[in-house]
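Trainee: Could you take me through one part of this model in detail? I'd like a close look at the largest pocket and what surrounds it.

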Number of protein chains: 2
Amino acid sequence: MSYTADSLKAELNARGWRLTPQREKILNIFQNLPEGEHLSAEELHHRLEEEKEKISLSTVYRSVKLMSRMGILRELELAEGHKHYELQQASPHHHHHVVCVQCNRTIEFKNDSILKQSLKQCEKEGFQLIDCQLTVTTICPEAIRMGWPSTLPSNWACTRSISLA
Amino acid sequence: MSYTADSLKAELNARGWRLTPQREKILNIFQNLPEGEHLSAEELHHRLEEEKEKISLSTVYRSVKLMSRMGILRELELAEGHKHYELQQASPHHHHHVVCVQCNRTIEFKNDSILKQSLKQCEKEGFQLIDCQLTVTTICPEAIRMGWPSTLPSNWACTRSISLA
DNA sequence: ATGCATGCAAACACTTTGCATTCTC
DNA sequence: GAGAATGCAAAGTGTTTGCATGCAT
């Protein structure tokens, strides 16, 4: 599901909302994001600044929320205390997350049957599906090797956690 | 997986931690919670006050976090902006959630294959599973009937949302 | 022209933390 | 007795909101 300025406008207008330069730029950032990356509101704000786009943080927050409710973005609640956003991907790219409680390292995986089962559940109850996310909470191999949880220094983090956004 | 004071103590001590009256009382609240109910830290704090247990809010927060990391509690990240906790249930009681973005109404459902697939994914990567949660984001029938999203007054909420904790 | 959207700053809710004290092991 | 845990108050974080102004429709 790839949006153009026009299709975004159409979808916004259909709901009485408007296409603004800010919303267009935000969508753009997400469309140019490498597969598998997701941004927090603050990260998105930085990204926009880097591209010389002056958009206030409030507008960033308002936009990602709106676009998530529209089903354009996907709101991820991983274990980091703040939300991340990515483009909502159609079925073949739909994925889920494995998260380590120790270092917050996140791994993605695809699994179509989870979406299928969510759909089934929605139909059964008369709900309309927007998204489904499986979050698998785990301890990563590095932490296990370090003897999690007893022998772990309280501020130790797995080395690979640096790969996290 | 039902805990007694003794088994809780054993599990804490094994990690160099201690059994305190506070932790015991908190576990108790969860064990007496009707199936399907989950509490936020604040709600848990209220519940404790109602039972004449004076436990500081900080301790409540520290305890639920600790017990979640130990796998005794399950930390739920639904759509309400704050975390909820419930006893971690063994496989037959393991469940997932359907949440309405409009009213936050939450419905539970069970599905063993999701846990199985999460386990499979963990084994493949060498991760140790603590929990897996499927959150299905939806629009509930009431909101659809009201014409979500365009014709919905901005402060309208589905009537059934009152059933939410 | 209407009224939705923005930007700013201030407010917010939830959660975490420092430190002296208390209690478990 | 050593060190973990508590309670309090204060600080922190990510997020939301009120309001005047600007802009898309």
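**The largest pocket**

Mentor: Sure, let's begin with the make-up of the wall: the lining residues of the largest pocket split into 13 nonpolar, 15 polar and 15 charged. Keep in mind that this is a predicted model. As for volume, the largest pocket holds about 1,100 Å³ of space. It is lined by 43 residues, and those closest to its centre are A:Glu77, A:Leu78, B:Glu77, B:Leu78 and B:Lys83.

Now for the elements behind that lining. Chain A supplies at least two residues from each of helix H4 (57-70), strand S2 (73-76) and strand S6 (128-139). From chain B, helix H4 (57-69), strand S2 (73-76), strand S4 (95-100) and strand S6 (128-139) each supply at least two as well.

With both chains in the wall, it helps to see how they are arranged. Chain B superposes on chain A by a rotation of 180° with 0.0 Å of shift along the axis, at an RMSD of 0.0 Å. The two copies are thus related as by a two-fold rotation axis. In chain B, B:Leu134 has the C-alpha nearest that axis, 2.1 Å away. The copies also meet through the same surface, because 100% of the interface residues of chain B are interface residues in chain A too.

While you have chain A on screen, have a look at one helix pair as well. The axes of H2 (residues 21-31) and H3 (residues 41-50) of chain A come within 11 Å and cross at roughly 100°, so H2(A) and H3(A) are roughly perpendicular to each other. A:Lys25, A:Ile26, A:Ile29 and A:Phe30 of H2(A) make the contact with A:Leu44, A:Arg47 and A:Leu48 of H3(A). Those contact residues comprise five nonpolar, no polar and two charged.

Notes: Residues numbered from 1 in each chain as written. Chains lettered and ligands numbered in written order. Predicted model: local features only at pLDDT ≥ 70, side-chain atom pairs only at ≥ 80, totals over all residues. Heavy atoms only, no water. Axes fitted to C-alpha atoms, helices over the stretch in contact; angles between N-to-C directions. Helix = DSSP H or I, 4+ residues; strand = E, 2+ residues; numbered from the N terminus. Parallel < 35°, antiparallel > 145°, perpendicular 65-115°, else oblique. Contact = heavy atoms within 4.5 Å. Nonpolar A, V, L, I, M, F, W, Y, C, P; charged D, E, K, R; others polar. 1 Å grid on protein atoms, 1.4 Å probe; cavity = no way out; pocket = protein on both sides within 12 Å on 5 of 7 lines; lining within 4 Å. Points joined across faces, edges and corners; volume = space filled by probe spheres on them. Least-squares fit on C-alpha atoms with pLDDT ≥ 70 in both.
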